[in-house]
Amino acid sequence: MANLGNFDATTVDPAKSADVLPPGKYVVQIVASEMRVTKDGMGQYLWLELDVLEGDSLGRKLFDRLNLVNNNPSTVEMAQRTLSAICHATGRMQVQDSEELHLIPMLADVRVQPPKNGYGESNTIRYQPLDQAAAAPATRLAAATPPAKPATQSPQPRPATAPWRRSA
């Protein structure tokens with residue numbers, strides 16, 4: 001038995017389902033990252049937590065693992081290529097710390113990987129800069145973008161597009 005200190009579930013949103021996201025393109029940003037030891041203790045991977053920033057999946061989480069320290073050179077190469085894609089997508093070409101990649105919107109091309117090796121379905125992610133969102137067939141992105149809201153009574157006019165959607 002544990003004392004919960006009069007916890008009131010009506011004041012806290014329930015945890016969302018950890019189901020896989022449907023395939024599509026999503027605007028995301030990395031919100032947390034850390035190096036973790038692999039299950040066998042022989043390597044390390046960069047663990048990434050991403051938030052979906054728009055559409056009907058707003059607030060959903062995605063997770064990714066990049067096996068940057070591994071005995072298999074092809075595994076490391078794949079992880080480094082994925083990290084490079086993230087760097088290109090965020091515009092940060094040289095990074096010392098994974099936190100330098102946090103809170104920078106980018107496009108995630110999410111696919112669903114069928115169950116394998118005793119694990120259920122999972123998402124695979126390919127990272128792209130946001131400027132490729134306009135050129136891509138935006139199945140999920142277009143459907144997920146909420147309609148524009150009428151202007152509010154804000155003293156300063158709001159930009160018509162989100163800061164990450166503006167071209168340089």
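**Entry 1: the fold**

Helices here are DSSP runs of H or I with at least four residues, strands are DSSP runs of E with at least two, and both are numbered from the N terminus. With that settled, I read the pattern along the sequence as β-β-β-α-β-β-α. That gives 2 helices and 5 strands in the protein.

A note on what I am reading: this is a predicted model, in which local features need pLDDT of at least 70 and side-chain atom pairs count only at pLDDT 80 or more, while totals for chains, interfaces and linings use all residues. Residues are numbered from 1 along each chain as its sequence is written, and side-chain values use heavy atoms, with hydrogens and water left out.

**Entry 2: overall numbers**

I looked up burial next, where buried means under 20% relative accessible area, exposed over 50%, and partly exposed in between (1.4 Å probe, protein chains only). Of the 168 residues, 31% count as buried. The accessible surface, from the Shrake-Rupley method with a 1.4 Å probe, comes to about 11800 Å². Carbon and sulfur atoms hold 53% of that surface.

For contacts I used heavy atoms within 4.5 Å. Among contacts between residues at least 6 apart in sequence, 51% join residues at least 24 apart.

**Entry 3: the core**

Which residues touch the most other members of the largest nonpolar core? A nonpolar core is a set of buried Ala, Val, Leu, Ile, Met, Phe, Trp, Tyr and Cys residues joined through side-chain atoms within 4.5 Å. In the largest one, with 21 residues, I found V28, L48, L50, I86, M106 and Y127 in that role. Two or more residues come from each of strand 1 (24-37), strand 2, strand 3, helix 1 (73-90), strand 4 (106-113) and strand 5 (122-128). Helix 1 gives the most, with 5 residues.

I then followed V28 outward. Leaving out residues up to four places away in sequence, V28 touches L50, D51, V52, L53, L62, I104, P105, M106 and A108.

**Entry 4: the aromatic pair**

I searched the whole structure for aromatic pairs and got 1. The rings of W47 and F63 have centres 5.9 Å apart and planes at 25 degrees, so this pair is stacked. The pair links distant parts of the chain, with W47 in strand 2 and F63 in strand 3, 16 residues apart. My criteria: rings of Phe, Tyr and Trp (its six-membered ring) pair if their centres lie within 6.5 Å, and planes under 30 degrees apart count as stacked, over 60 as edge-to-face and the rest as tilted.

Are the two partners buried or exposed? W47 is buried at 13% relative accessible area, whereas F63 is partly exposed at 46%. W47 has another partner to note: R36 lies over its face, at 4.0 Å from the ring centre. Here a charge sits over a ring if NZ of Lys or CZ of Arg is within 6 Å of the ring centre and within 35 degrees of the ring normal.

**Entry 5: the loop between strands 2 and 3**

I stopped at G59, in the loop between strand 2 (44-52) and strand 3 (61-69). G59 is partly exposed, with 37% relative accessibility. Its C-alpha is 9.4 Å from that of V28, 31 residues apart along the chain.

R60 sits in the loop between strand 2 and strand 3 and is buried, at 19% relative accessible area. What does its side chain reach? I found the backbone oxygen of D19 at 2.4 Å.

**Entry 6: polar contacts in strands 4 and 5**

A polar contact is a pair of N or O atoms within 3.5 Å; within protein, one must be able to donate a hydrogen and the other to accept it, and residues adjacent in sequence count only if both atoms are side-chain atoms. N123 is in strand 5, and a polar atom of its side chain lies 2.9 Å from the backbone nitrogen of L21. The backbone oxygen of R111 is 3.3 Å from a polar side-chain atom of N123.

D109, in strand 4, is buried at 10% relative accessibility. Its side chain joins that of R111 through a polar contact of 3.3 Å.

**Entry 7: positive phi**

I listed two residues other than glycine with positive phi: L103, near 60 degrees, and N117, near 55 degrees. L103 is in the loop between helix 1 and strand 4 and counts as exposed at 57%. N117 is in the loop between strand 4 and strand 5, exposed at 68% relative accessible area.
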